[in-house]
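Work through the exercises below with the sequence and the structure in view. Try each task before reading its solution.

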Amino acid sequence: MNTTIGVIGLGLMGTAMARHLTQSGWAVTGYNRHPREIEDIPTAANLADLAEHNETLWLMVSDYTACREVIDQLGEAGIRDHVVINSSTIAPSESAEIAQRIETLGGDYLEAPVLGSIPQAQSGTLQLLLGGPEALIERLDPLLRSLGTPTHFGAVRSGAAAKLAFNQLIGSLTAAFAMSLGLVQREGVDVDKFMATLRESALYAPTFDKKLGNMLAHSFDKANFPLKHLLKDIRLFTQSACSQGIDTHLLIGLQHVLEDGIYAGHGNHDYSSLFESIVREQATTH
Ligand code: NAP
């Protein structure tokens, strides 16, 4: 496969993905709304330039509004005869609307949200959750495999739905763990013994150990996946699940916790900072 790739959105993930694609031998140019200099990756001054010189446009932007703004700016001139791969996390209904818009403008659309974060993007071990036509996925296979393991879930919507299902688990599992860890600490239970027992039980999830260090040290500055994006995804899951008749009352509390985190200034911190909203500082009595 011979194509040139324009990566749109040089945030945490877009930068790591662009860098790994470059290291894997692909010709990559980046573009960011607010211009950013990235070592080893040439950048285009505007979207028209990027589209003129690259057949494949890979979107990794915050949300649906960002996707729509990029596509509207690209317009027909920037979309016709291009392939648009979208790895931004958005709702199934939003992805379907974008697919229709791209098709109307004469381009091909592949929904490709990713499971995994910066380390997986850096090492090319993301899980790509694909929704779109089989023939397009086959054509893009070598490129997709450069970033990780592709799984074709079905038509557009299905990859986006799977991604929200996974991210609901990220939020719920992390919040559930934070509550239990909080009680263990406040009751003076030995955390090492608690963790050792948890690891041997059917209740264990590897993500608990991944986030334990952050929670014990109250250190959340180094974000792979920022809390503000988890809140976006829990809201998207809630809307999508409600529209399918699924009761999402359990997520109301999680949304409050994440909103509290935003108000407390943790929006750009790692999502495990939800621990601070759950295990609140206790007032000291003098
Ligand atoms: P990020 O660091 O916050 O970067 C967001 C990017 O979107 C920036 O390049 C930003 O450009 C761009 N953007 C925002 N609004 C825009 C607009 N209206 N027009 C054009 N560009 C716009 O986010 P990230 O962590 O890389 O995540 C990107 C997407 O991947 C999100 O949908 C997120 O949920 C998803 N995701 C993230 C992870 C992760 O671990 N971080 C993992 C899987 C999926 P500016 O710099 O100009 O604002």
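**Exercise 1: the ligand shell**

Task: sort the residues of the shell around the ligand into nonpolar, polar and charged.

Solution. The shell divides into ten nonpolar, eleven polar and six charged residues. Here Ala, Val, Leu, Ile, Met, Phe, Trp, Tyr, Cys and Pro count as nonpolar, Asp, Glu, Lys and Arg as charged, and the others, Gly among them, as polar. The model is predicted: local features need pLDDT of at least 70 and side-chain atom pairs pLDDT 80 or more, while totals for chains, interfaces and linings use all residues. Residues are numbered from 1 along each chain as its sequence is written, and side-chain values use heavy atoms, with hydrogens and water left out.

Next, find the residues that come nearest. Of the 27 residues around the ligand (a heavy atom within 4 Å), these are Asn32, Arg33, His34, Ser62 and Ser117.

**Exercise 2: polar contacts**

Task: state which atoms of Leu12, Arg36 and Thr89 lie by oxygen atoms of the ligand.

Solution. Look for N or O atom pairs within 3.5 Å.
- Leu12 places a backbone N or O atom 2.9 Å from a ligand oxygen.
- Arg36 uses a polar side-chain atom, at 2.8 Å from a ligand oxygen.
- Thr89 has a polar backbone atom 3.0 Å from a ligand oxygen.

Then take the cover: the protein covers 91% of the 900 Å² of accessible area that the ligand has on its own (Shrake-Rupley method, 1.4 Å probe).

**Exercise 3: a salt bridge**

Task: find the partner of Arg68 in a salt bridge and say where both residues lie.

Solution. A salt bridge needs a side-chain nitrogen of Lys or Arg within 4 Å of a carboxyl oxygen of Asp or Glu. The whole structure has eleven. In one of them Arg68 pairs with Glu97, with the closest N and O atoms 3.3 Å apart. Arg68 is in helix α3 and Glu97 in helix α4 (residues 92-104), 29 residues apart. Helices are DSSP runs (H or I, at least four residues), numbered from the N terminus.

Definitions and conventions
A polar contact is a pair of N or O atoms within 3.5 Å; within protein, one must be able to donate a hydrogen and the other to accept it, and residues adjacent in sequence count only if both atoms are side-chain atoms. Helices (H or I, at least four residues) and strands (E, at least two) are DSSP runs, numbered from the N terminus.
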